[in-house]
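Please open the structure in a viewer and set it to a cartoon display. The tour below proceeds by selections, and each stop states what is to be found there.

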Amino acid sequence: MLERNVVIVPYRSDWSAQYEKASEEVKEVFGSAILGMEHIGSTSVKGLSAKPIIDFMVGVHDLSVVNPFIEPLRDIRFEHVFHPELPNRRFFRRGERGAGTHHLHIYTFGSDEWNQNLLFRNYLRANSDALKRYEQLKKQLADQYPQDRAAYTKAKHPFITEIIEMAKTSISF
């Protein structure tokens, strides 16, 4: 299993094209079961340095509809990764563990998880000061936890929660 260090790279303009390409493949698999699809995470925010992993989410009526799509998603190189600690999400990774190129998150459309992802992304897109603070934090944490993605992710959580709370009063989606 390939384990890649936490590396933050400058924003790349081709990230949105990578999302578009992958989203079209996923749309072909899910068809009308998709109620919404969004590019999320740092690669969705123009100008934000990020780990070069395309995160996107699909919204469905109910997570029970995902199971029949596990094999067809594998056919387009998205591997299902079971996370029992996150029962309100189904997760698929393209690429090796620790070295994935795409992360597909599936939520119930309009759920708290769905809405929080949009709040966070939209707030960063609209607030350059928050974007700069987040970028600085990510670089600091990548230096602090270069070989521990779980610790890196956990250490970002308080900032993300703070931004979501601020966004609830300032951005609608």
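## A first stop: Glu 25

Select Glu 25 and display its surroundings: leaving aside neighbours within four places in sequence, Glu 25 is in contact with Ile 76, Arg 77 and Arg 94. Please bear in mind throughout that this is a predicted model. Glu 25 belongs to helix H1. Is Glu 25 buried or exposed? Its relative accessibility is 18%, and the limit for a buried residue is under 20%, so Glu 25 counts as buried.

Now move to one of its contacts, Arg 77. Arg 77 lies in the loop between H2 and strand S3 (79–81). With a relative accessibility of 53%, Arg 77 counts as exposed. Its backbone also deserves attention: phi of Arg 77 is near 75°, a positive value in a residue other than glycine.

## Helix H1

Select residues 15–30, which form helix H1. The helix has 16 residues, and the distance from its first C-alpha to its last is 22 Å, close to the 22 Å expected at 1.5 Å a residue. Colour the buried residues next: Trp 15, Tyr 19, Ala 22, Ser 23, Glu 25, Val 26, Val 29 and Phe 30. When the view is turned to look down the axis of H1, these buried residues fall within an arc of 160°, so they line one face of the helix. On the other side of H1, Lys 21 and Glu 28 are exposed.

What covers the buried residues of H1? The covering elements include strand S1 (36–40), strand S2 (54–60), helix H2 (70–75), strand S4 (90–96) and strand S5 (99–108). Select them together with H1 to view the packing.

At the end of the helix, select Gly 31, which follows H1 and has a positive phi, near 55°. Continue to Ala 33, in the loop between H1 and S1. At 22% relative accessibility, Ala 33 counts as partly exposed. Beyond its neighbours within four places in sequence, Ala 33 is in contact with Gly 59, Val 60 and Phe 69. A distance label from Ala 33 to Val 9 is instructive: the two are 24 residues apart in sequence and 34 Å apart in space, C-alpha to C-alpha.

## The nonpolar cores

In soluble globular proteins, nonpolar side chains tend to be buried together. Select Val 26, Phe 30, Phe 56, Leu 73, Phe 78, Leu 104 and Ile 106, the residues with the most contacts inside the largest nonpolar core, which has 23 residues. H1, S2, H2 and S5 each supply at least two residues of this core. Which element supplies the largest share? It is H1, with six residues.

Centre the view on Phe 78. Leaving aside its neighbours within four places in sequence, Phe 78 is in contact with Ala 22, Val 26, Phe 56, Leu 73, Phe 92, Arg 93, Arg 94, His 102 and Leu 104. A second, separate core has 19 residues, and Val 45, Leu 124, Leu 131 and Phe 159 are among them.

## Helix H4

Leu 131 is also one of the buried residues of H4, so select that helix, residues 128–144. H4 has 17 residues and reaches 24 Å from its first C-alpha to its last, close to the 24 Å expected at 1.5 Å a residue. Its buried residues are Ala 130, Leu 131, Tyr 134, Glu 135, Leu 137, Lys 138, Leu 141 and Ala 142. They cover an arc of only 165° around the axis, which puts them on the same side of H4. These buried residues pack against H3 and H5. On the other side of H4, Asp 129, Lys 132, Gln 136 and Asp 143 are exposed.

Two of the buried residues of H4, Lys 138 and Ala 142, lead to the next selection, Ile 8. Ile 8 is found in the segment before H1. At 18% relative accessibility, Ile 8 counts as buried. Leaving aside its neighbours within four places in sequence, Ile 8 is in contact with Ser 49, Ala 50, Lys 51, Lys 138, Lys 139, Ala 142 and Tyr 152.

## The largest pocket

Finally, display the surface. About 1,600 Å³ of space lies in the largest pocket. This pocket is lined by 46 residues, and those closest to its centre are Asp 55, Arg 89, His 105, Thr 153 and Lys 156. S4, S5, helix H3 (112–126), H4 and helix H5 (149–168) each supply at least two residues of the lining. Which element gives the most to this lining? H5 does, with eleven residues.

Note on methods:
Residues numbered from 1 in each chain as written. Predicted model: local features only at pLDDT ≥ 70, side-chain atom pairs only at ≥ 80, totals over all residues. Heavy atoms only, no water. Helix = DSSP H or I, 4+ residues; strand = E, 2+ residues; numbered from the N terminus. Expected span 1.5 Å × (residues − 1). Buried < 20%, exposed > 50% of the residue type's maximum accessible area, 1.4 Å probe, protein only. Arc of directions from axis to C-beta. Contact = heavy atoms within 4.5 Å. Core = buried A, V, L, I, M, F, W, Y, C linked by side-chain atoms within 4.5 Å. 1 Å grid on protein atoms, 1.4 Å probe; cavity = no way out; pocket = protein on both sides within 12 Å on 5 of 7 lines; lining within 4 Å. Points joined across faces, edges and corners; volume = space filled by probe spheres on them.
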